[in-house]
Amino acid sequence: MSESLLAAAAEHPAEGLRAVRALRELADRLEALQVERARDLGWSWQEIADALGVTRQAAHKKYGRRI
Amino acid sequence: MFERFSKDARAAVVDAQQVAHETGSRTVDGRHLLAALASGDGAAAQALRTVGVDPSALADSLRAELRAGGLDAGALASLGVDLDAVRARADAVFGEGALERGTGRGRRGHIPFTPDAKKTLELALRETVRLGSPAIEGGHLLLGVLRATGSPAEAALRAALAGAGTDGPALRVALEEQQRRAS
C-alpha cells in the first residue's frame, strides 16, 4: 500500500465512504459465516452474542431465522 | 400495480427474485430485473438482440457482478485489506466460495425490492401509459431500467449498449417498434 494512495483516499470522501461500505459488507458476510459455524458447533446464542459484543436478543433477531 | 402486469412482466419480476436468491443478494435491485429480462425470451431480450447486445452475455455479467456484491476489492485495497487473502482464508474455514455464497440458508423467503427497483417499476408503468399499452410488458420494464438514471442497472445497461456500439435511444426505438408491431 503506497502512501500516496492512502493520502488520496483520505482526501476524497467518496473513496473513503466506498471503502467503509465495502468493509461493512465484508464484515457482515464473515459474521454470518462465523455465526452459522458457531451454531453448527453447538454454541448457544448467548455465547455467540457475548463474543460479538451484542445482546443475545440482537444476535438471535439477526440470525435466529436464517441459521 | 401488479394487476396491470402481463404474464411476461410478472415472470420477469418473479425471475428477478430468483436471480437474487441465486446470487446471494439481500435485496432485489434493477440489475436483478435486468438480468431476468435478458435471460427471458420476451420483447426485452429481442430488442437487446436487435440493437446488437447479446442478452445472455449481459445476464451472465450481471450475475457475476451481483455474486461479488459489495465485495469491492479496489475499495478494500485502499484500506490495506487484501480481499484475495480474506477469500482464501474463508474458503479454507467455510468451504470453497463461502464468501460469495453467504451462509446459503435463510434466503428462501421474499427478498425486498430496493427503492431504485420500485422506481424502475413506476417508470415502466409511466412508459406503458405513455405508449398507450393495455398492460405492462417486459419491454416496458426494460424502458423503465433505461429511464432509472443513475441506478446500477441503468449503468450496466448503458455499458452493454456502448459495448455493442449503440445507445439508449436506439434501444428505445427498437422497443417502440416492437410495440407497434404487436398492437
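How far apart should the ends of the 12-residue helix α6 of chain B be, at 1.5 Å a residue? The expected span is 16 Å, and the end C-alpha atoms of this helix, residues 83–94, are indeed 16 Å apart, which agrees. Just after α6(B), B:Gly95 adopts a positive phi of about 100°. I should say at once that what we are examining is a predicted model.

Let me turn to confidence, beginning with chain A. The average pLDDT of chain A is 84, and 81% of its residues score at least 70. Within this chain, helix α3 (residues 45–52) has the highest confidence, at 96, whereas helix α1 (residues 3–11) has the lowest, at a mean of 56. Where pLDDT is low, the predicted coordinates should not be read in detail.

Now the architecture of chain A. This chain has 4 helices and 0 strands. Of its 67 residues, 18% count as buried. Helix α2 of chain A covers residues 13–40, and its 28 residues should span 40 Å at 1.5 Å a residue; the end C-alpha atoms are 40 Å apart, so expectation and model agree. Buried positions in α2(A) are A:Ala19, A:Ala22, A:Leu26, A:Arg29, A:Ala32, A:Leu33, A:Val35 and A:Glu36. I draw your attention to A:Arg29 and A:Glu36, which are among the buried residues of α2(A). After α2(A) comes A:Gly42, with a positive phi near 90°.

Chain B is next. Here there are 11 helices and 0 strands. The radius of gyration of chain B is 18 Å, close to the 16 Å given by the globule rule for 183 residues, so chain B is as compact as a globular protein of that length. Along the principal axes, its C-alpha atoms fill a box of roughly 55 × 35 × 25 Å. Buried residues make up 42% of the 183 in chain B. Among contacts in chain B with a separation of 6 or more, 71% are between residues 24 or more positions apart.

Which residues of the largest nonpolar core touch the most other members? This core has 44 residues, and the ones in question are B:Leu33, B:Leu34, B:Leu37, B:Leu141, B:Leu142 and B:Val145. Several helices of chain B supply at least two residues each to this core, including α1 (7–22), α2 (30–39), α9 (138–147) and α11 (168–182). A second, separate core has 11 residues, and its members include A:Ala32, A:Leu33, A:Tyr63 and B:Ala90. Recall that A:Ala32 and A:Leu33 are buried residues of α2(A).

To return to B:Val145, its contacts, leaving aside neighbours within four places in sequence, are B:Gly30, B:Leu33, B:Leu34, B:Thr120, B:Ala153, B:Glu154 and B:Leu157.

Helix α4 of chain B deserves a closer look. This helix has 14 residues and reaches 20 Å from first C-alpha to last, close to the 20 Å expected at 1.5 Å a residue. Its buried residues are B:Pro55, B:Leu58, B:Ala59, B:Leu62 and B:Leu66. Why do these residues lie on the same side of α4(B)? They cover an arc of only 100° around the axis, and this places them together on that side. On the other side of α4(B), B:Ser56 and B:Ala64 are exposed. The cover over the buried residues includes α1, α2, α3 and α10 of chain B. Just after α4(B), B:Gly69 takes a positive phi of about 55°.

I close with two loop residues of chain B. B:Ser25 lies in the loop between α1 and α2. Is B:Ser25 buried or exposed? B:Ser25 is buried, because 22 other C-beta atoms lie within 10 Å, and the cut-off for burial is 20 or more. Not counting residues up to four places away in sequence, B:Ser25 touches B:Ala20, B:His32, B:Leu66, B:Gly69 and B:Ile111. Two of these have already been mentioned: B:Leu66 is a buried residue of α4(B), and B:Gly69 comes just after that helix.

The other residue is B:Thr166, in the loop between α10 and α11 of chain B. B:Thr166 counts as partly exposed, with 17 C-beta neighbours inside 10 Å. Beyond residues up to four places away in sequence, B:Thr166 touches B:Val51, B:Gly52, B:Leu161 and B:Leu171. Between B:Thr166 and B:Leu83, which are 83 residues apart along the chain, the C-alpha separation is 35 Å.

Key: Residues numbered from 1 in each chain as written. Chains lettered and ligands numbered in written order. Predicted model: local features only at pLDDT ≥ 70, side-chain atom pairs only at ≥ 80, totals over all residues. Expected span 1.5 Å × (residues − 1). Buried ≥ 20, exposed ≤ 12 C-beta atoms within 10 Å, placed from the backbone. Core = buried A, V, L, I, M, F, W, Y, C linked by C-beta atoms within 7 Å. Contact = placed C-beta atoms within 7 Å. Rg over C-alpha atoms; globule rule 2.2 N^0.38 Å. Arc of directions from axis to C-beta. pLDDT = per-residue confidence, 0-100.
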